[in-house]
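Thanks for coming. I have one structure to go through today, and I will keep to what can be read from the coordinates. Here it is on the screen.

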Amino acid sequence: MGGGCTLLRLASKVDAINDAEKVGADKGYPLKLIATNAGVIGSVVSKRVLANDNPKFRYNVATDKYEDLMPTEIIDPTKVVRCCLEHASSVAKTFLMSTCVVVEIKELEPAVAGSHSFTSGYGY
């Protein structure tokens with residue numbers, strides 16, 4: 001997990017972030033999502049990566065080991081990460097500068113007995 005670990009480590013260096021900015025700034029999300037998709041608990045991987053001071057210490061989902069990923073030729077595609085950040089900031093700017101935004105609200109599926117359904121807090 002090259003990009004996910006890199007973004008997670010860089011996020012710990014950013015101190016000047018206020019509460020309004022924290023809403024859309026889950027810097028550990030890419031790492032957690034990759035780990036979850038691999039069948040492990042993303043928050044555990046995130047904490048373990050941050051607990052190690054070695055910047056090359058990362059999680060290899062293919063082998064389920066924490067190691068230096070350069071010898072295994074798993075590298076972070078810098079251009080992809082850069083483009084993703086540029087496009088995300090462009091979308092955020094568009095939303096912030098717009099007078100109004102039209103979105104589609106999808107109908108919630110009825111809850112199945114015995115399951116828990118969490119909504120986004122909008123009172124649905």
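How many aromatic pairs does a search of the whole structure find? There are 2. Before I go into them, note that this is a predicted model, and every value I quote is computed from it.

Take the pairs in turn. Phe57 and Tyr66 have ring centres 5.5 Å apart and planes at 10°. With under 30 degrees as the limit for stacking, that pair is stacked. The other pair is Tyr59 with Tyr66, at 4.9 Å centre to centre and 50° between the planes, and it counts as tilted. Tyr66 is therefore in both pairs, and the ring pairs link Phe57, Tyr59 and Tyr66 into a cluster. As for burial, Phe57 and Tyr66 are both buried, and Tyr59 is buried as well.

Now the overall layout. The protein has 5 helices and 2 strands, and along the sequence they run α-α-α-α-β-β-α. Of its 124 residues, 19% are buried. Among the contacts with a separation of 6 or more, 43% come from residues 24 or more positions apart.

Which residues make up the largest nonpolar core? It has 9 residues: the three aromatics Phe57, Tyr59 and Tyr66, together with Cys5, Leu8, Leu31, Ala35, Val45 and Val49. At least two residues of this core come from each of α1 (2–11), α3 (29–37), α4 and β1. As background, nonpolar side chains in soluble globular proteins tend to be buried together.

Helix α4 deserves a separate look. It spans residues 42–51, and its buried residues are Gly42, Val45, Ser46 and Val49. Seen down the helix axis, these fall within an arc of 100°, so they line one face of α4. The general background is that an α-helix has 3.6 residues a turn, so residues three or four places apart point the same way. On the other side of α4, Lys47 and Ala51 are exposed. Two of the buried residues, Val45 and Val49, are also members of the core I just listed.

Ser43 is in α4 too. At 34% relative accessibility, Ser43 counts as partly exposed. Its C-alpha atom is 9.4 Å from that of Leu33, and the two residues are 10 apart along the chain.

Next, strand β1, which covers residues 57–60 and includes Asn60. Is Asn60 buried or exposed? Its relative accessibility is 4%, so Asn60 counts as buried. The side chain of Asn60 makes a polar contact of 2.6 Å with the side chain of Glu67. Setting aside neighbours within four places in sequence, Asn60 is in contact with Lys65, Glu67, Leu69, Thr72 and Ile74. Glu67 thus appears both in that list and as the polar partner.

Last, the cysteines. How many disulfides does the structure hold? The number is 0. Cys5 is in the nonpolar core. Cys83 has 23% relative accessibility, and with buried meaning under 20%, Cys83 counts as partly exposed. Cys100, at 61%, counts as exposed.

To recap: the ring cluster is Phe57, Tyr59 and Tyr66, these rings belong to the 9-residue core, and α4 lines up its buried residues on one face. That is what I have; I will take questions now.

Methods
Residues are numbered from 1 along each chain as its sequence is written. This is a predicted model: local features need pLDDT of at least 70, side-chain atom pairs count only at pLDDT 80 or more; totals for chains, interfaces and linings use all residues. Side-chain values use heavy atoms; hydrogens and water are left out. Helices (H or I, at least four residues) and strands (E, at least two) are DSSP runs, numbered from the N terminus. Buried means under 20% relative accessible area, exposed over 50%, partly exposed in between (1.4 Å probe, protein chains only). A polar contact is a pair of N or O atoms within 3.5 Å; within protein, one must be able to donate a hydrogen and the other to accept it, and residues adjacent in sequence count only if both atoms are side-chain atoms. Contact means heavy atoms within 4.5 Å. A disulfide is a pair of cysteine sulfur atoms within 2.5 Å. The arc is that of the directions from the helix axis to the C-beta atoms. Rings of Phe, Tyr and Trp (its six-membered ring) pair if their centres lie within 6.5 Å; planes under 30 degrees apart count as stacked, over 60 as edge-to-face and the rest as tilted. A nonpolar core is a set of buried Ala, Val, Leu, Ile, Met, Phe, Trp, Tyr and Cys residues joined through side-chain atoms within 4.5 Å.
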